[in-house]
Amino acid sequence: MPVHQITDPDDDRIADYRALTDVELRTRWEPPHGLFIAEGELVLRRALRAGYPARSYLVDAKRIDQLADLDTGDAPVYAATPDVLQQATGFHVHRGVLASFHRRSLPTAAEVLAAARRIVILEDVNNHTNLGAIFRGAAALGVDAVLLSPTCADPLYRRSVRVSMGEVFAVPYAKLDRWPAGLDQVREAGFTVLAMTPAPDAVPMQRLTPAQRERAALLLGAEGPGLTAAAQAASDVRVVLPMRRGVDSLNVAAAAAVAFWELGRDDAPSDSE
């Protein structure tokens, strides 16, 4: 595995990794260039297993042995000191391993719906940490796919990928370009759209009927504002997680995980899971 030493943080060969903490810059750079950044050895290996082609690797020179068993193919491997890494990326790369990957074309919403039994739909969830945590919960708790409203954050943004521990690569996702009219497409595919809200007249999740659980599409809004009135009106059932001690709601990722478990509590995991 040939390794190219980088001594200048402004070296154009590592332009993919520049200013990784600048969300606005990365949003303008990554999707148009068809790339995303994976941080940490575990995450980059999961990206490779999921079939994403690597563009390059950028590693702390002391950790180059962590990649010794990889077939890096045509993707160059760059090594640098921690100081150069920090100057280039804008943060201390304490995991010591970064990689730039090519994005793949997203499936259509119809393709995702056809292959799923239980899904989550997100409206305006633009916090990358919450988004990554929701993907991780979906992978762990039996949710087959994620649909995103047009204003949701990018699941392949570095922080989302890291928080998900690479599970964004395991859970198919697509965008619903028409919002909230796209919820009609979900319903036509045989799903019951369940809108989560703390409203006092919402149905407690544990009281959903077997028919409502059978092919559930759980609809969640951004933390704070929650679901818009239009999204709630376009749903089939408004549901709530009953709260105690005067707490009105949970963090959206925590609420999602509890709801995922509730919807799948009667599932029998297969050996492959």
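Here are some questions and answers about the predicted model shown above.

Residues are numbered from 1 along each chain as its sequence is written. Local features in this predicted model need pLDDT of at least 70 and side-chain atom pairs count only at pLDDT 80 or more, while totals for chains, interfaces and linings use all residues, and side-chain values use heavy atoms, leaving out hydrogens and water.

Reader: How many helices and strands does the chain have?
Author: Let's start with how they're picked out: both are DSSP runs numbered from the N terminus, with at least four residues for a helix (H or I) and at least two for a strand (E). On that basis, the chain has 10 helices and 12 strands.

Reader: Why does the radius of gyration of the chain agree with a compact globule?
Author: The radius is taken over C-alpha atoms, and the globule rule is 2.2 Å times the number of residues to the power 0.38. For 273 residues, a compact globule would come out near 19 Å, and this agrees with the chain's own value of 20 Å.

Reader: What share of the residues is buried?
Author: Buried means under 20% relative accessible area, exposed means over 50%, and partly exposed is in between (1.4 Å probe, protein chains only). Of the 273 residues in the chain, the buried share is 48%.

Reader: Which strands are at the edges of the open sheet of 7 strands?
Author: Two strands count as paired if DSSP finds at least two bridges between them. This sheet has parallel pairing and runs in the order S8-S7-S6-S11-S9-S12-S10. Pairing on one side only marks the edge strands, which are S8 (173–175) and S10 (203–204).

Reader: Which residue stands opposite Glu 123?
Author: Strand S6 (residues 119–123) pairs with strand S11 (residues 216–221) in the parallel sense, over 5 bridges. Opposite Glu 123, in S11, stands Gly 221.

Reader: How many residues of strand S5 are buried?
Author: Strand S5 covers residues 97–102 and is mostly covered. Out of its 6 residues, the buried ones number 5.

Reader: What stands opposite Ile 37 and Ala 54 in S5?
Author: Strands of a sheet pair through backbone hydrogen bonds, either parallel or antiparallel. Strand S2 (residues 35–39) pairs with S5 in the antiparallel sense over 5 bridges, and strand S3 (residues 54–60) is also joined to S5 by 5 bridges, running antiparallel. Opposite Ile 37 is Ser 100, and opposite Ala 54 is Phe 101.

Reader: What percentage of the contacts joins residues 24 or more positions apart?
Author: A contact means heavy atoms within 4.5 Å. Counting contacts with a separation of 6 or more, residues 24 or more positions apart account for 76%.
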